[in-house]
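Please open the structure in your viewer and keep the selection tool at hand. The tour proceeds by selections, each followed by a description of what is found there.

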Amino acid sequence: MQSLPSHAGVVIIGGGIVGCSVAYHLVKRGVSDVLLLERRQLTCGTTWHAAGLVGQLRATHNLTRLAQYTTQLYEGLERETGQATGFRQVGSVAVAASAARFEELKRGASMARVFGLEVQLLSPHAARERWPLLAIDDLVGAVYLPKDGRTNPVDTTQALARGARRGGARIVEGAKVTGIRTSGGRVTGVATEAGEVRADVVVNCAGMWGREVGALAGVSVPLHAAEHFYIVTEPIAGLPADLPILRDADACSYFKEDTGKLLVGWFEPRAKPWAEDGIPEGSAFEQLPPDLAHIEPLFAGAMRRVPALESTGVQVFFNGPESFTPDDRYLLGEAPELKGFYVAAGFNSIGIQSAGGAGKVLADWIVDGHAPFDLWDVDIRRCAPFQRNRRYLRDRTVEALGLLYAMHWPYRQPQSARGVRKSALHDRLAAAGACFGEVAGYERANWFGAPGSSPRYEYSYGRQNWFDACAAEHRAVRERVGLFDQSSFAKFVLKGRDAAAVLGRICANDIDVPVGRIVYTQWLNERGGIEADVTVTREAEDSFLIVSGCATQTRDFNYLCRAIPPDAAAVAVDVSAAYAVLGLMGPESRALLRELTDADLGTAAFPFGTSRVIDLGYARVRASRITYVGELGYELYIATEFAQGVYDALVAAGSAFGLKLAGYHALNSLRIEKAYRHWGHDITDEDTPLEAGLGFALAWDKPQRFLGREALLRQRRDGLRRRLAGFALETPERLLYHNEPIWRDGVLVGKISSGMFGHTLGVALGLGYLERAGDEPITAEWIGSGRYEIEVAAERVPARVSLRPFYDPAGERVKC
C-alpha cells in the first residue's frame with residue numbers, strides 16, 4: 001500500500017465504478033486534492049461481476065437525465081482516456097406477454113418522448129426481427145430503445161480511474177477505512193489501518209459495505225446485500241454480435257449477447273438476502289454458491305422466451321452479491337446527520353448505468369454546495385432513521401430485488417416489512433375496514449372497504465377495486481363531513497427568543513403574525529427553488545408549530561436545524577410522534593364539532609387560518625382551521641394518549657351528520673380538484689413559487705428579507721419560461737398518474753407532475769408544467785389560447801387547461 005497523505009480535500013471510500021466516477025468528475029470540476037481509498041482492489045465488491053447493461057429510461061425525468069449522461073460519458077470515455085471500455089450502443093427490446101405489461105411499456109414509451117429518448121413501439125413480429133431467437137406466440141407487443149447499450153464494468157471503471165488520476169486524484173488500494181472522524185457535527189477525516197487522513201469532505205461509495213461505513217460516522221445508510229443470479233451459455237452459432245439487450249419482465253429475465261454466448265440473468269420475486277450478520281472480513285471478488293434449485297423455475301421461464309436455450313449448454317452458473325435499498329432507489333447526497341459526509345451507494349443492480357450521472361451530480365453537489373437539480377427520488381434524506389435496522393432491511397430485501405421487474409402498478413404497496421410505524425388509531429381504522437398504504441414505514445389508511453370485507457388492492461392501470469370506495473369518501477367530504485387520520489404529518493416546534501427571526505429568514509411568507517394564526521409558506525433556497533411546503537402556526541410569541549409531510553420529515557427537519565445560526569437563541573424539536581392529527585373536513589364539520597365543544601367556532605370568532613386550543617370531549621386539542629381538500633374543516637392536533645378518546649367521540653357524534661371515514665386516495669382526489677400542490681411531485685427544489693403559481697404566498701416587502709428573494713425578483717423582472725397549470729381530460733375513461741406528455745397544438749410542451757380522478761367533476765385531473773420555446777415569456781394568454789392533449793399510453797386524449805382550480809376557483813367554501 002502506498003503511504004497516505006495527512007490531508008485531502010475529498011476522501012472517497014470505495015473503488016467500485018461509482019467511487020471512481022465521483023473521483024473522475026471531481027477532477028473535471030477542478031478539485032484535484034482527491035484521495036480514493038479502496039479496501040482491497042478496484043471493482044472487487046459488486047462492480048466486477050455486473051452484467052454491464054446501460055439503459056436510459058428511468059422512472060422520472062431527472063433520473064433519466066442521469067442515465068442519458070452516463071451513456072454519453074461511456075461513449076467517449078475510451079477515446080478520452082485510452083482505456084478500452086467495451087461500450088457499445090446495441091439498443092434494447094422489452095417485451096410484454098400481457099395487456100397490462102404492454103400498457104406499462106406504452107406508458108414508459110410516452111415518458112421516453114418527454115425525456116427526449118428515441119423509442120419505438122413494436123409488434124411481436126417486429127420484435128423478433130430485432131431479436132431472431134425470440135418466441136413470440138404469447139407476446140402482445142414490445143418497446144425498442146435504440147440508444148441503450150452495454151459496457152464492460154471492470155474496464156469502464158479502470159477508464160474512470162485513469163481519467164481521475166490524470167486530473168490529480170490519488171487512488172490507493174489495500175487501504176481499509178476503520179473510522180470516521182468528526183467534530184462539531186462535521187466530518188473531519190478518516191482513520192485507516194495505515195494512519196489517519198484529515199479531510200474536508202468524505203464520500204461513502206462503499207457499495208454493499210455502505211451501511212457499515214455509514215455506521216462508523218453515525219449516519220444511516222439503509223441497504224442490504226442480496227444474491228443475484230445469472231448464467232452464461234456455451235457459444236451459440238450465428239448469434240449476432242450487435243444483438244440488443246432483451247428484457248422479459250414477465251419472466252423476470254434479461255438477456256445479453258456476450259462474445260458469441262448469451263448471458264441470462266434474473267430478478268426473481270422472492271430474493272435471497274446475503275450476509276445478514278455482516279459481510280465477511282476478507283470478502284473480495286465474492287462468488288457465492290450457485291443454488292440451482294433457486295434458479296430452476298427462472299431458467300424454465302427464460303427457455304420459454306428463448307427456446308434455443310433448451311439445446312444450449314451452460315458454461316457459467318454465477319451468483320454474486322448486490323446491494324438493495326428499501327424502496328429500490330439508490331442513496332445520494334449529503335447525510336442529514338453529518339455535514340461534509342456524502343453518500344453514493346445502494347444502486348440496486350443498476351450501478352453501471354447510473355454511475356456516470358450519479359458521479360457527476362454528486363461532484364457538482366460537493367463543489368457547489370447543492371444538487372444541480374431535483375434529486376429527491378434518490379436523496380438520502382428521504383430515508384427514515386429506523387430504516388438502518390438490520391432485520392427490517394433483511395425482510396424488505398426479500399421483496400426489493402424482484403420489484404425491479406415486477407409490474408409497476410399505480411399505488412403499488414410493498415408487502416414485506418410492514419407495520420413498522422402506526423398511528424394510535426391504527427387498530428380502530430383497521431376494524432373499520434381500512435386498507436393501508438405505507439410512506440416512510442408509516443401505515444396510513446388509503447381507503448376503506450365495505451363492512452365485513454377484507455380490503456386489499458387489486459391493481460391495474462384502469463379503475464382499481466377501490467375506485468368506488470374512494471368516490472364515496474370524496475362525496476362525503478364535499479357534501480357532508482369526512483374524517484381523516486393524518487397523524488403521519490411531520491411536526492416540529494421551533495422555540496426561543498430568536499425563533500421568529502430564524503423562520504423569517506427561511507419562510508417566503510410573513511410568519512410574524514399574532515399568536516393563533518396559521519401561515520401557509522414555502523422554504524426556499526438561494527436560487528428561489530422550493531425546499532419545503534409547510535404551514536407555520538404561532539403558538540406563542542417565542543414558539544411556532546411547523547407541519548409538513550410524512551415523506552419529507554427527515555429532509556425538512558434537517559433543513560430547519562441547519563437554518564438556525566450557531567448564536568441564535570432557538571431550538572428545534574421533532575414532535576411528530578407526540579401528536580395524533582385528525583382532519584375533520586366538509587360542510588358539516590363545524591356543526592359536528594359544536595356537539596363536542598363549547599368553543600365559539602363561528603366564522604367571526606374562528607376564521608380560516610386560525611388555530612386555538614379547545615376542549616373536545618375530555619381532551620384539550622389544538623384545532624386549526626386549515627384545509628387540503630377545499631372545504632370548511634379543521635385539523636385537530638391531539639396529544640397521542642388522548643387520540644383514541646377524541647376519535648371515539650367524533651365517530652359517535654358524527655353518525656347524526658353522515659360522517660364517513662376517508663383515506664389518502666380521497667384526500668388526493670379532493671386536493672387535485674382544488675389544484676393544491678404536492679411537494680415532490682408538483683413542486684421541488686428546482687421549481688419556484690412564481691412558476692408554481694404560489695406567488696400569493698410571497699411576502700415581498702416584509703421587514704426581514706427571505707432567502708431566495710433576489711432570485712425571484714430577477715425571475716419576475718425577466719418573465720417566466722414555465723408555468724404550472726391544471727388539466728382535465730375530456731373523456732372519463734382514461735386516468736392520469738404522472739409524467740404523461742402534454743401536447744399544445746401538436747407540440748410537446750410539458751408533462752403531468754401529478755394526476756388523480758376528480759370525483760366531483762367526473763374526469764381525470766392533472767397538474768403539469770408548460771414550457772414555452774423561444775425567447776418569449778409564458779403568459780396566461782399563451783396558455784389559454786392553445787389546444788391541448790395529454791398522451792396516455794401512446795394515445796393522445798383531448799384536455800382542458802386552467803390556471804385556476806377546476807373546483808371552487810374563488811375559494812369561497814373554505815372560508816364560509
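## Helix 1 and its neighbours

Begin by selecting helix 1 (residues 17-28) and helix 5 (residues 153-166), whose axes come within 8 Å and cross at roughly 30 degrees. The model is a predicted one. Angles under 35 degrees count as roughly parallel, and helix 1 and helix 5 are therefore roughly parallel to each other. Their crossing is left-handed. To view the contact, display Ile17, Cys20, Ser21, Ala23, Tyr24 and Val27 of helix 1 together with Pro153, Thr156, Thr157, Leu160, Ala161, Gly163 and Ala164 of helix 5. By class, these residues are nine nonpolar and four polar, with no charged residue.

Keep helix 1 selected and add helix 8 (residues 351-368); the two axes come within 8 Å and cross at roughly 40 degrees. This angle makes helix 1 oblique to helix 8. The crossing of helix 1 and helix 8 is right-handed. On the side of helix 1, the contact consists of Ile17, Val18, Ser21, Val22, His25 and Leu26. Helix 8 contributes Gly351, Ile352, Ala355, Gly356, Gly359, Lys360, Leu362, Ala363, Ile366 and Val367. The contact of helix 1 with helix 8 comprises ten nonpolar, five polar and one charged residues.

Next, select Lys28 and Glu80, whose side chains form a salt bridge with an N to O distance of 2.7 Å. Which parts of the chain does the pair of Lys28 and Glu80 tie together? Lys28 belongs to helix 1 and Glu80 to helix 2 (residues 61-81), so the salt bridge links parts that are 52 residues apart in sequence. The model has 52 salt bridges by count.

## The five-stranded sheet

Move now to an open sheet of five strands, in the order 23-24-25-22-26, with antiparallel pairing. Its edges are strand 23 (518-524) and strand 26 (571-574), each of which pairs on one side only. From one strand to the next, the twist averages 30 degrees. Within this sheet, select strand 24 (residues 530-540) and strand 25 (residues 543-548), which are antiparallel and paired over five bridges. As an example of a bridge, display Arg538, whose partner in strand 25 is Phe544.

Strands of a sheet pair through backbone hydrogen bonds, either parallel or antiparallel.

## The six-stranded sheet and helix 15

A second selection of strands shows an open sheet of six, in the order 28-29-30-27-21-31, with mixed pairing. Strand 28 (611-616) and strand 31 (660-661) form its edges, each pairing on one side only. Select strand 27 (residues 579-585) and strand 30 (residues 633-639): they run antiparallel and are joined by seven bridges. Leu584 stands opposite Tyr634 of strand 30.

Then add helix 15 (residues 643-654), which lies across strand 21 (482-485), strand 27, strand 28, strand 29 (619-624), strand 30 and strand 31. Helix 15 runs at about 15 degrees to strand 27.

## Helix 11 and helix 16

For the last stop, select helix 11 (residues 467-479) and helix 16 (residues 664-673), whose axes come within 8 Å and cross at roughly 55 degrees. Helix 11 is thereby oblique to helix 16. Helix 11 passes helix 16 in a right-handed crossing. Display Cys470, Glu473, His474, Val477 and Arg478 of helix 11, which meet His665, Ala666, Ser669, Leu670 and Glu673 of helix 16. This contact contains four nonpolar, three polar and three charged residues.

Technical notes: Residues numbered from 1 in each chain as written. Predicted model: local features only at pLDDT ≥ 70, side-chain atom pairs only at ≥ 80, totals over all residues. Heavy atoms only, no water. Pairing = 2+ DSSP bridges. Helix = DSSP H or I, 4+ residues; strand = E, 2+ residues; numbered from the N terminus. Axes fitted to C-alpha atoms, helices over the stretch in contact; angles between N-to-C directions. Parallel < 35°, antiparallel > 145°, perpendicular 65-115°, else oblique. Left-handed = near helix turned anticlockwise from the far one by under 90°. Contact = heavy atoms within 4.5 Å. Nonpolar A, V, L, I, M, F, W, Y, C, P; charged D, E, K, R; others polar. Salt bridge = Lys/Arg side-chain N within 4 Å of Asp/Glu carboxyl O.
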